[in-house]
Amino acid sequence: MQTSNAISGQDREDNRTALSKEALKRAFLDNLFYYQGKFPALATRNDYYMALAYTVRDRLLQRWISTAETYAADQSRTVAYFSAEFLLGPHLGNNLLNLGIHEAARQALRELGLSFEEILSQEEEPGLGNGGLGRLAACFLDSMATLEIPSIGYGIRYEFGIFAQDIVDGEQVELTDKWLRFGNPWELARPEWAVDVHLGGHTHHYTDRDGQHRAQWVPAMTVMGTPYDTAILGYRNNTANTLRLWRAEAPEAFDLSTFNRGDYWGAVNKKVISENITKILYPNDEQIQGKELRLQQQYFFVACSLKDMLRIMRNQGIPLDQFHLKYAVQLNDTHPAVAIAELMRILIDEHDMEWDRAWAITRRTFAYTNHTLLPEALEQWPVHLFGRVLPRHLEIILEINARFLDEVRIHFLGDHDRLARMSLINEHGERYVRMANLACVGSHAINGVAALHTELLKQDVLADHYALSPEKFSNKTNGVTPRRFLALANPRLARLLDQTIGDGWVRDLDRLRELEAYADKSAFRSEWRYIKRAVKEDFAGFVRRRTGTLIDPDSLFDVQVKRIHEYKRQHLNVLHIVALYHRIKNDPNLDITPRTFIFGGKAAPGYRMAKLMIRLITAVGETINRDPDVRDRLKVIFLPNFNVGAGQWVYPAAELSEQISTAGKEASGTGNMKFMMNGALTIGTLDGANVEIREEAGADNFFLFGLTAEEVQTMQRQGYRPHDWYHGELKAVLDLIRDGSFSRGDRHLFQPLVDHLIQHDPYLLLADFQSYIDCQAEVGQAYRDKERWSRMAILNIARSGKFSSDRSIRDYSREIWHVEPKPVLLSSRNDMRMDLGKHHG
């Protein structure tokens, strides 16, 4: 690495904020020396990463502070996005892109003798989410900043995120996700804004001097929440919104008197108990202790966030009764729904507001996004557990319920079954608090995340609430950010788009429609194929580094990367692979389209069937990949530890996107959108956002198979018997799996999976098998016609504009939040010095 001369003569302001290559070089060396305390001979790759990260953060800070100043001065109406997950992905590359200095940084490091790619790869990805829910939240933050929407994200700063996945002997092994082990240069701790959060205890009821009934919560435990802020930068603008994540700490971390008595464990016991609340993302809740910890997590972060929002209002001089005018709070699924009870508690207990007024403010504050059609995924908490952790909130929920059920009785006179279904308390057997019902009752707006999903909510999952309050319901189809998942992840394609239609598509993805005219130009299709081949070669190198396996870039890259779950039906994909393998074994000279099947995703630690599905994928891969009869016509890869960073390799290289969930089970899906905008064709059911993807792309550019949601319901209602489908090729495939052909003769390993399919098959794999096999044959034939395939892929890109998260956020802003963009003007450090002088002058 080259060194530079002393920078004493350089402009310090320029080094902090300027975007030129030379300014970046000076700042990088400055930060290596002053932040990391290293000179080049001693510096590690992590030192270089941290120095570059601080260089970029300085440029974010100017925009971040200017944004905060603008919002405070304007008292801007603000979106507060409450989510238990924010799966952000690596920060560095995205921030470089949004600042417009990606290439300048690359050149600066090259001139210093450093590898830009190696430094980017050093970043530890924050695993603060489990999948689509957290990634959607991150995309939404990106779009709100790009669209200049005043907003703040609120969540949890998990010390250990979603587990790191390793594959050992073909099985998933969960490892601790130590994303903070080298520090996090992108966050700023704000201990001065820490708040106290109470848990447990009991309530005391009394009559005040005015004869009013009052309740006092007497907690058993107090935890301190400390905020850690991360800037979320908009694309090529001056807006940098805030993601505020809360860390749990003990108010008194060390009890000296207890220590001096010789009780060394007791001296730190409170610290350990308090910090457990934000220790790990989604503790296993099979045991009651895990359930209690998850409830504590959810309450902790919403209580911290509401207190923080009230602090901001006080600082801006905004009266409490304007809370709903200052904030639009979006509940990202039911995890933050306890916020409804908490805001009521604050208003009626701490501020003596009368019930009806408090309830009006609360309902006008919150909006609820539902993310699931699976009844078992709708959160419920045992009443006894809820009352032990949050005794006052249980009382408030019971009062909300009593008043709500009075309203239901009037609307649906004599309908006792409906009353039982709509109650916030499930009275069947053990009593449970229904968080989805609380979210519906306490919100002014309820939305699904795809057109089909929203209709199914109205017809089934939330049908009673729709019948009572149809005006609350709307659809807001999900979207993904084209900045990360196209401009950053696929720079070759991004350059082709820039050269062909200009760079406006990055901000306005509908501009991709201009590509349609080029789909019929042979020269453009040829250029597209050249770029795709290069991207696939890059990905093949990534796979080799990750797994040690060589894959053929000329084969069809057939990809399914998502959370492992039975309803997502990764095992249906495997049945197709086994069917192809069986055919090859019966006819070694069989002419089929060469394919590389790529899987990735994590199974919940306690979900045994999903983990067995991973074992099946890897076992089939081990057998096929070493069988000389296959002759590389088939290859099966499982990418361990799939995350956002890995996705940025996968989505650009994919050619076939597997979106094969049982119709009526997937709320939306967002991976399907990332694949589409990178030119992969979809094979899928009419489920979730697949319906809209097919409508946009055109039926001729989508490979459709399987039962519809209505047909699934009908089949299950009439009594689905999976064994009736157990014949022919499907029987041969299942028997191969069961008889030990992929488990070294072990007939017991996969027997639970096969038996479950033949005897139960809750997600109708067997019913959809033949349709899927036939559709995959169409895929193979289409891929052989390179010109046709290229045209279909280009049209998918051209018609992906609807699936930008920018469109989603515009819809939310206009129809639910009623928030207007607020442009930001940059403040200089000199401006801040002048303001400080005025303040203290």
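**Exercise 1.** In strand β20, which residue is the bridge partner of I598? Work outward from there to place β19 among its neighbours.

*Solution.* Keep in mind that this is a predicted model.

Step 1. Look across from I598: its bridge partner in β20 is I637.

Step 2. Widen the view to the two strands. β19 and β20 (residues 634–639) run parallel and are joined by 6 bridges. Between them, the chain passes through helix α24 (residues 608–625), giving a right-handed β-α-β crossover.

Step 3. Now turn to strand β18 (residues 556–561), which pairs with β19 in the parallel sense over 6 bridges. Here L556 stands opposite R595 of β19. The route from β18 to β19 leads through helix α23 (residues 570–586), and this β-α-β crossover is right-handed.

**Exercise 2.** Which residues of β19 point one way, and which the other?

*Solution.* Step 1. Sort the side chains: R595, F597 and F599 point one way, while T596, I598 and G600 point the other way.

Step 2. Check their exposure, counting a residue as buried under 20% relative accessible area. Both groups are buried, so β19 (residues 595–600) has 6 of its 6 residues buried by the definition of that term.

**Exercise 3.** Why is helix α4 (residues 92–99) described as largely enclosed by the rest of the structure?

*Solution.* Step 1. Count: 8 of the 8 residues of α4 are buried, so the helix is largely enclosed.

Step 2. Find the cover. It includes helices α3 (45–74), α5 (102–111), α6 (116–121), α7 (132–146) and α20 (482–488), along with strand β9 (221–233).

Step 3. Follow the chain onward: just after α4, G100 takes a positive phi of about 80 degrees.

Note on methods:
Residues are numbered from 1 along each chain as its sequence is written. This is a predicted model: local features need pLDDT of at least 70, side-chain atom pairs count only at pLDDT 80 or more; totals for chains, interfaces and linings use all residues. Side-chain values use heavy atoms; hydrogens and water are left out. Buried means under 20% relative accessible area, exposed over 50%, partly exposed in between (1.4 Å probe, protein chains only). Helices (H or I, at least four residues) and strands (E, at least two) are DSSP runs, numbered from the N terminus. Two strands pair if DSSP finds at least two bridges between them. A crossover is right-handed if, with the strands pointing away from the viewer, the path from the first strand over the helix to the second runs clockwise. Contact means heavy atoms within 4.5 Å.
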